[in-house]
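The following dialogue is a tutorial on reading backbone and packing features. Please keep the sequence and coordinates in view.

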Amino acid sequence: MKISIIGGTGYVGLITGLGLAVHDHDVICMDGDSRKLNKLNNGELPIFEESLPELLKEATDRNKVVFTNNIKTAVRESDIIMIAVGTPESKNGDTDMSQLILALKLVAGFMNNYKTIVIKSTVPVGTCAMARMIIKDNLNHPMIPFDVVSNPEFLREGNAVRDFLKPDRIVVGVDTPESEGVMKELYSTFDAPLIFTDTRSSEMVKYACNAYLATRISFINEISEISEKVNADIHAILQGMKLDKRIGSHYLNPGPGFGGPCLAKDLKSLINFAGKANADLPLLKAVLERNGLQIKSITDYIMSELKDVGSKKIAVLGLSFKAGTNDTRNSPAIHLLEKLADTKTTIHVYDPVVKNLEEPLHSRVTFPENIEDTIKDADCLIVMTEWPEFKELELKAVYNMMKTPLIVDTRNIFAPDKAHNLGFQYKGIGIADSLYKNIDVPLKNII
Ligand code: UDX
């Protein structure tokens, strides 16, 4: 099939385009970003993502993809036009639809025959209906037929290529049999359940999934706070939970709160548009509130443990919002650094792939060449991202490098008992620093 991706060099657009190209479709990745287009036309990638270099090579070797800024060609030479432009968060938490609306108007202006317009961007419920009106109002020839389809993506950064090529399911929202036929053919070579529903329900699937994932994280972070307060062990708690098939073992890792460009943005957008539909949302609002508490409680702990913080050195391991990506958008590590930056403390940071930060933070911290120089003489070591190389650190060696053996492990990558036995003051998420100190903390007013 002939497909064009508008916003074809962005995260979702590029991976979708290349993924469809290696499934033998003829793909035009169209974008206005000439820097990214030049990179791609030189065989380079504008984003860091596992397996993407191989995917780009396969798609270009097979002449199945072209990169262009020519939207007229992209529209005219394609039967399916996928819109994968950014729908970032606007100031009030709503979804900023400006790029999407502009793309729809431009596409409509160049349409010359029947087209299937596929919305791939994450958009509030009702956007397909709005898109139909925008296209109708901007067609050059009012009688040109078209359909608008919803086709949300569920790509995770760090796993995006795998998630696209081996999806758990493919969700498609259609309102006509013609467009259902087109989408069936498009995904006919994918080995995954193909779910067809109406466009509104399909748009809602994306929000429901991200809201549920965020809820799992905030839930386990709240249980972790209780675990610390009652001097229990979150590892044991999780073991008991995960074996319950109704709960499952995935996506229940306590941590510094969910970050990244999607979960918080989509949750705020959902709360906004559902609120406008008069839905009460106490749970979803609480999920966001809990998430905000994580970095606050971590910072408060560090401040309370590091007396006279201005004369201390803090080592921070990990800057990206999770392992496997160089993305620092809405990263908990950045939120922590912004709080620490207000103090006079010396801050050394290390991340295997993130070597720069936006100003003023970049100038406020130091980027030693390696982990050892980052940890050396530190009064506190804070683990913010669960990179595998941090897990391999030899705790004894870390102990000998540090000035004050205090570890704040927001990803629970180290064994608490081992850390304590080596003489560290160790604090995990759901692991109080009193655990394994063989001291029984009397629980006031409880027993
Ligand atoms: C997410 C959704 O997973 C994906 O389906 C959707 O398409 C886009 O948003 P992504 O943002 O790449 O993907 O990251 P994800 O792996 O979901 O992690 C999000 C945040 O939650 C990260 O900060 C991560 O560290 C945190 N997280 C994740 C936890 O704290 N605990 C967990 O168990 C899982």
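Q: In which loop is Asn231 found?
A: This is a predicted model, in which local features need pLDDT of at least 70, side-chain atom pairs count only at pLDDT 80 or more, and totals for chains, interfaces and linings use all residues. Residues are numbered from 1 along each chain as its sequence is written, and side-chain values use heavy atoms, with hydrogens and water left out. Helices (H or I, at least four residues) and strands (E, at least two) are DSSP runs, numbered from the N terminus. Asn231 is in the loop between H9 and helix H10 (234-242).

Q: What is phi of Asn231?
A: Phi of Asn231 is near 60°, which is a positive value in a residue other than glycine.

Q: Which peptide bond is cis?
A: The bond from Glu359 to Pro360 is cis, and its omega is near 5°. Pro360 belongs to the loop between strand E10 (346-350) and helix H14 (361-364).

Q: How should the crossing of H1 and H3 be read?
A: Axes are lines fitted to C-alpha atoms, for helices over the stretch in contact, and angles run from 0 to 180 degrees between N-to-C directions. The axes of helix H1 (residues 11-21) and helix H3 (residues 52-61) come within 9 Å and cross at roughly 50°. Angles under 35 degrees count as roughly parallel, over 145 as roughly antiparallel, 65 to 115 as roughly perpendicular and the rest as oblique. H1 and H3 are therefore oblique to each other.

Q: What is the handedness of the crossing of H1 with H3, and which residues meet?
A: A crossing is left-handed if the near helix is turned anticlockwise from the far one by less than a right angle, and right-handed if clockwise. H1 passes H3 in a left-handed crossing. With contact taken as heavy atoms within 4.5 Å, Leu14, Ile15, Leu18, Gly19 and Ala21 of H1 meet Leu52, Leu55, Leu56 and Ala59 of H3. This contact has 8 nonpolar, 1 polar and no charged residues; here Ala, Val, Leu, Ile, Met, Phe, Trp, Tyr, Cys and Pro count as nonpolar, Asp, Glu, Lys and Arg as charged, and the others, Gly among them, as polar.

Q: At what angle do H5 and H6 cross?
A: The axes of helix H5 (residues 98-110) and helix H6 (residues 127-138) come within 8 Å and cross at roughly 40°. That makes H5 oblique to H6. Their crossing is right-handed. Residues of H5 that meet H6 include Leu100, Ile101 and Leu104.

Q: Which crossing do H9 and H11 make, left-handed or right-handed?
A: H9 passes H11 in a left-handed crossing. The axes of helix H9 (residues 199-229) and helix H11 (residues 263-276) cross at roughly 120° and come within 9 Å. The contact has 9 nonpolar, 2 polar and 2 charged residues.

Q: How many cavities of 30 Å³ or more are found?
A: On a 1 Å grid over the protein atoms alone, a cavity is a set of points where a 1.4 Å probe fits but cannot get out, and lining residues have an atom within 4 Å of a point. Grid points are joined across faces, edges and corners, and a volume is the space filled by probe spheres set on the points. A search of the whole structure finds 1 such cavity, and the largest has a volume of about 60 Å³. Its lining includes Ile119, Lys120, Glu203 and Lys206, and divides into 3 nonpolar, 4 polar and 3 charged residues.

Conventions:
1 Å grid on protein atoms, 1.4 Å probe; cavity = no way out; pocket = protein on both sides within 12 Å on 5 of 7 lines; lining within 4 Å.
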